[in-house]
Amino acid sequence: MLALLEVRGFEGAPRHLGLDDLGRDTFTFIEGSVRGFERWADAQVAAAGRLLRGFHDATRGSALAADRSVVCHHDPGPNNTIFQDEEPIAFIDFDMAAPGEPLEDVGYMAWTWCVSSKQSAPEAERQASQVRLLVDAYGLDADLRSDVVDAILDRQARNVEFWRRFLDLPCPGVASREQVESRIEWSQLERRYVSANRPVFEAALSHGH
Ligand SMILES: Nc1ncnc2c1ncn2[C@@H]1O[C@H](COP(=O)(O)OP(=O)(O)O)[C@@H](O)[C@H]1O
Ligand SMILES: [Mg+2]
């Protein structure tokens, strides 16, 4: 897939350099920094939305998208984005990439870049205006805007299921049992927050449309 992105001229991803002596895949190192879950300026959210659109467009209609519209990254949070001078310029960590629909990544990004149930987070109206900004910067088809809130809720539910599977294992491996449990609780809390504020998010997305 990284080779496809290269052929199609998408600059916002590492290049695959091939295998090293030990048979490990190697990639170009992208200068900059990876960030955590923070509050972002409007310009950063817009840049992230454009970056996602560029990625999707570079995969659209390819054999890798199979019978779906695009290849989705499926984990395009700020933790898998490289920032240069405060601007998101590339995605990394394509382990979860798979054929999908744009709304899946748009929903996940809306959640991980714009929404937070924390007490210290901006009020829901402000969060909703950033979701709208992300969707506008992405250039989502007008008829899909009313599905964005459901896409956020869907990604949150999928996150719960993703982490729940690890609880069935004798040892989660990727994180301690307590960490896995707290990720499940956090996703559920975030989902309840979006659900409770659905009218606020929907109003922001419908303005002018
Ligand atoms: N191509 C790259 N260029 C620069 N830094 C990278 C690159 N790939 C990975 N990293 C760094 O390594 C970290 C972990 O990589 P990532 O692919 O996200 O693995 P994980 O599955 O552990 O999240 C990233 O947060 C980033 O700091
Ligand atoms: Mg990562």
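A residue counts as buried when its relative accessible area is under 20%, as exposed when that value is over 50%, and as partly exposed in between. Ala137, at 22% relative accessibility, is therefore partly exposed. This residue sits in helix 4, which covers residues 124-138. Its C-alpha atom is separated by 14 Å from that of Glu87, with the two positions 50 residues apart along the chain. The structure discussed here is a predicted model, and the burial terms just introduced will be handy throughout.

We can turn first to ligand 1. Its surroundings are made up of Pro14, Thr28, Phe29, Ile30, Val34, Asn80, Ile82, Ile92 and Asp93. By character, this shell comprises six nonpolar residues, two polar ones and one charged one. Several polar contacts accompany the nonpolar part of the shell. The backbone of Ile30 contributes a polar atom that lies 2.8 Å from a nitrogen atom of ligand 1. The side chain of Asn80 places an N or O atom 3.0 Å from an oxygen atom of the ligand. Asp93 also takes part through its side chain, with a polar atom 2.8 Å from an oxygen atom of ligand 1. On its own, ligand 1 would expose 550 Å², and the protein buries 51% of this area.

Two of these residues reappear at the metal. Asn80, through OD1, and Asp93, through OD, coordinate the magnesium ion, ligand 2, at 2.0 to 2.1 Å. The two donors come from distant parts of the chain, 13 residues apart: Asn80 belongs to the loop between strand 4 (70-72) and strand 5 (81-84), and Asp93 to the loop between strand 6 (87-91) and strand 7 (98-100). Are Asn80 and Asp93 buried or exposed? Asn80 has a relative accessible area of 5%, so it is buried. Asp93 reaches 33% relative accessibility and so counts as partly exposed. As a further spatial reference for Asp93, its C-alpha atom is separated by 9.3 Å from that of Asn79, a residue 14 positions away along the chain.

The loop between strand 4 and strand 5 also holds His73. With a relative accessible area of 0%, His73 is buried. Its side chain comes to 2.9 Å from the backbone oxygen of Ile92. Ile92 is in turn one of the residues around ligand 1, which makes it a convenient place to look when moving from the ligand to His73.

Aromatic side chains provide another set of contacts, with eleven aromatic pairs in total. Why is the pair of Trp40 and Phe83 stacked? Planes under 30 degrees apart count as stacked, and the rings of Trp40 and Phe83 have their planes at 15°, with centres 5.0 Å apart, so the pair meets that description. This pair, too, links distant parts of the chain: Trp40 lies in the loop between strand 3 (33-34) and helix 2 (42-59), while Phe83 is in strand 5, 43 residues apart from it. Both partners fall under the 20% limit for burial, Trp40 at 4% relative accessibility and Phe83 at a relative accessible area of 2%. Elsewhere in the list of aromatic residues, Phe37, Tyr108, Trp111 and Trp186 come together as one aromatic cluster.

The backbone deserves a look as well. Most residues other than glycine have a negative phi. Ala66, in contrast, has a positive phi near 50°. It is located in the loop between helix 2 and strand 4 and is exposed, since its relative accessible area is 53%. Asp85 likewise has a positive phi near 50°. This residue is in the loop between strand 5 and strand 6, and its 78% relative accessibility puts it among exposed residues.

Asp67 shares its setting with Ala66, being placed in the loop between helix 2 and strand 4. At 70% relative accessibility, Asp67 is exposed. Its C-alpha atom is 35 Å in space from that of Ala196, and 129 residues separate the two in sequence.

Note on methods
Residues numbered from 1 in each chain as written. Chains lettered and ligands numbered in written order. Predicted model: local features only at pLDDT ≥ 70, side-chain atom pairs only at ≥ 80, totals over all residues. Heavy atoms only, no water. Near = heavy atom within 4 Å. Polar contact = N/O pair within 3.5 Å; in protein donor to acceptor, adjacent residues only side chain to side chain. Areas by Shrake-Rupley, 256 points an atom, 1.4 Å probe, with all protein chains shown as cover. Nonpolar A, V, L, I, M, F, W, Y, C, P; charged D, E, K, R; others polar. Donors = N, O, S within 2.8 Å, 3.2 Å for Na, K, Ca; no water. Helix = DSSP H or I, 4+ residues; strand = E, 2+ residues; numbered from the N terminus. Buried < 20%, exposed > 50% of the residue type's maximum accessible area, 1.4 Å probe, protein only. Phe/Tyr/Trp six-rings, centres within 6.5 Å; stacked < 30°, edge-to-face > 60°.
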